[in-house]
Amino acid sequence: MPDAAVTIIGGGVVGLAIAAELAGTVSPLILLERNNQCGMETSSRNSEVIHAGLYYPEGSLKARLCVEGNRLLYELCEAHGIPHRRITKIISASQPGELEALDRLYARGIANGAPLRKLTAEEVLELEPRVATSGGILSPSTGIISAHGLMDYYARTAARDGAVIQTRCAVTGLERSSNGYRITVDERGERSSISTSWVVNAAGLEADAVAAMEGIDIDAAGYRLHWSKGSYFALPGSYRGTVSRLVYPAPTLHTLGVHAVIDLVGRLRFGPDIEFLETRTQDYTVDPGRRSAFAESVQRILPFVNEEDLTPDMAGIRPKLQGPGDPFRDFVICEESGRGLQGVINLVGIESPGLTASPAIARYVRSLMNL
Ligand SMILES: Cc1cc2nc3c(=O)[nH]c(=O)nc-3n(C[C@H](O)[C@H](O)[C@H](O)COP(=O)(O)OP(=O)(O)OC[C@H]3O[C@@H](n4cnc5c(N)ncnc54)[C@H](O)[C@@H]3O)c2cc1C
């Protein structure tokens, strides 16, 4: 008998959601997380927005799992008291030249099943009088959520249903064994191993490195990740209430654009920008030198913001399959029998909207396991 029926590598929001989804059905289930606590990397360094699903090509996993995840998240939040607010969002064309891009976005969002409403400039100003606008889109299903609240809920549910969550446990190797896989683990400097029938790789920024441990040629498979930092700047309390919903610009190829994010205590911040990293270091310091570029982006949609009021806040790192200038890449969520790795599921490139999609990703993984 292997030690585990299922071993999940990575205790971010995705690994925890999968553990919560599967724990009642499969046993033993083990989740291995290298840090002292779960959720210390990308899952706690993001905008905490419940996205509606309008940015991604129709039929893509990102679109489908975001729209389904949006619905599931609100149900979970309401049923289990997870802090959230259905705050809604406006995407504003700051100049008439951006209206065409908004029309395309609107058509895509409707095709994906996101509820949306087109707004004239006057209608935008009725809702948000201080926004620069030539017209916009209202997304009534966009909200904000406590990422920690959500992860705590997933972890509690998984533990209640018998999952074992082991922190300070880094996976360093993986090989085939007679009845599945043997995973080598470094637990506080001690090496040991776990045998398992299924392996779920939800290792976030390291998902490609874990896939390489499985013996996959990550370049040939298209699994190599590009780390892309996103920084945020915050505004002082005196700006509270200047906008009452999230405000986004027209999106660019790589990001949704630096946008106004309001957190659950009403603090206003802006971000994330985009900076592809040349070396893989988790350096989350925000470079104050980025302030003037930030101010320029922010003032396009909110012209009343003074550059001097912007202070460096926090940063996160996206695990992107797209390198600079590359076309759209979808989430990879793949059962790897086709590569001779029966019982291995890789989740690679789980960037935004991974937080929103987490409950739908978990259901999708269950379906790949035929459970
Ligand atoms: C700047 C930014 C803004 C974002 N905004 C939003 C948003 O508003 N809404 C939204 O829906 N999404 C957003 N996202 C995306 C979202 O945050 C991610 O998709 C999501 O957090 C990914 O979760 P994860 O569990 O896959 O990865 P992670 O949170 O990175 O978790 C992976 C875990 O695996 C562990 N791990 C790695 N290697 C090993 C190993 N060898 N052994 C054991 N453990 C290992 C890590 O320690 C980590 O805890 C944003 C992302 C960024 C960067």
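**Reading the terms in a predicted model**

Trainee: Which residues of strand E16 (residues 268-271) point one way, and which the other way?

Mentor: Leu268 and Phe270 point one way from strand E16, Arg269 and Gly271 point the other way, and all of them are buried. This is a predicted model, in which local features need pLDDT of at least 70, side-chain atom pairs count only at pLDDT 80 or more, and totals for chains, interfaces and linings use all residues. Residues are numbered from 1 along each chain as its sequence is written, and side-chain values use heavy atoms, with hydrogens and water left out.

Trainee: What makes E16 a partner of strand E15 (residues 259-262)?

Mentor: Strands here are DSSP runs of at least two residues and helices are H or I runs of at least four, numbered from the N terminus, and two strands pair if DSSP finds at least two bridges between them. E15 and E16 are joined over 4 bridges in the antiparallel sense, so the condition for pairing is met. One position in this pairing is His259, which stands opposite Gly271 in E16. The hairpin of E15 and E16 has 5 residues between the strands, and in it Gly266 takes a positive phi near 90°.

Trainee: How do you know that strand E13 (residues 226-234) also pairs with E16?

Mentor: E13 and E16 run antiparallel and are joined by 2 bridges, so this pair, too, satisfies the requirement of at least two. Phe233 has Phe270 of E16 as its bridge partner.

Trainee: What is the peptide bond from Gly271 to Pro272, cis or trans?

Mentor: That bond is cis, with omega near -15°, and Pro272 lies in the loop between E16 and strand E17 (275-276). The peptide bond from Ser352 to Pro353 is also cis, with omega near 10°, and Pro353 is placed in the loop between strand E20 (344-348) and helix H9 (354-368).

Trainee: Why are E3 and E4 said to stand at the edges of their sheet?

Mentor: The sheet is open and consists of 3 strands in the order E3-E8-E4, with antiparallel pairing. Strand E3 (49-50) and strand E4 (84-85) each have a single partner strand, so one side of each is left without a neighbour in the sheet. E3 and E8 pair over 2 bridges in the antiparallel sense, and within that pairing the bridge partner of Val49 is Ile144 in E8.

Trainee: Why is Ser146 called buried?

Mentor: Buried means under 20% relative accessible area, exposed means over 50%, and partly exposed lies in between (1.4 Å probe, protein chains only). Ser146 has a relative accessible area of 15%, so it counts as buried. Its place is the loop between strand E8 (143-145) and helix H5 (147-160).

Trainee: What makes the approach of the Ser146 side chain to the backbone nitrogen of Gly149 a polar contact?

Mentor: The pair must be N or O atoms within 3.5 Å, one able to donate a hydrogen and the other to accept it within protein, and residues adjacent in sequence count only if both atoms are side-chain atoms. The side chain of Ser146 reaches that nitrogen at 2.8 Å, so the distance falls within the cut-off. Leaving aside neighbours within four places in sequence, Ser146 is in contact (heavy atoms within 4.5 Å) with Glu48, Ile82, Pro83 and Leu264.

Trainee: How do you know that Glu41 is buried although it sits in a loop?

Mentor: Glu41 is in the loop between E2 and E3, but its relative accessible area is 17%, so it counts as buried. The Glu41 side chain makes a polar contact with the side chain of Asn35 at 3.0 Å. Apart from neighbours within four places in sequence, the residues in contact with Glu41 are Arg34, Asn35, Leu205, Gln282 and Tyr284.

Trainee: What makes Arg188, Asn370 and Gly24 exposed?

Mentor: Arg188, in the loop between strand E11 (180-187) and strand E12 (190-201), has a relative accessible area of 59%, so it is exposed. Asn370, in the segment after H9, reaches 70% and therefore counts as exposed. Arg188 has a positive phi of about 50° and Asn370 one of about 55°, although Arg188 is not a glycine and neither is Asn370. Gly24, in the loop between helix H1 (13-22) and strand E2 (29-32), has 63%, so it is exposed as well.
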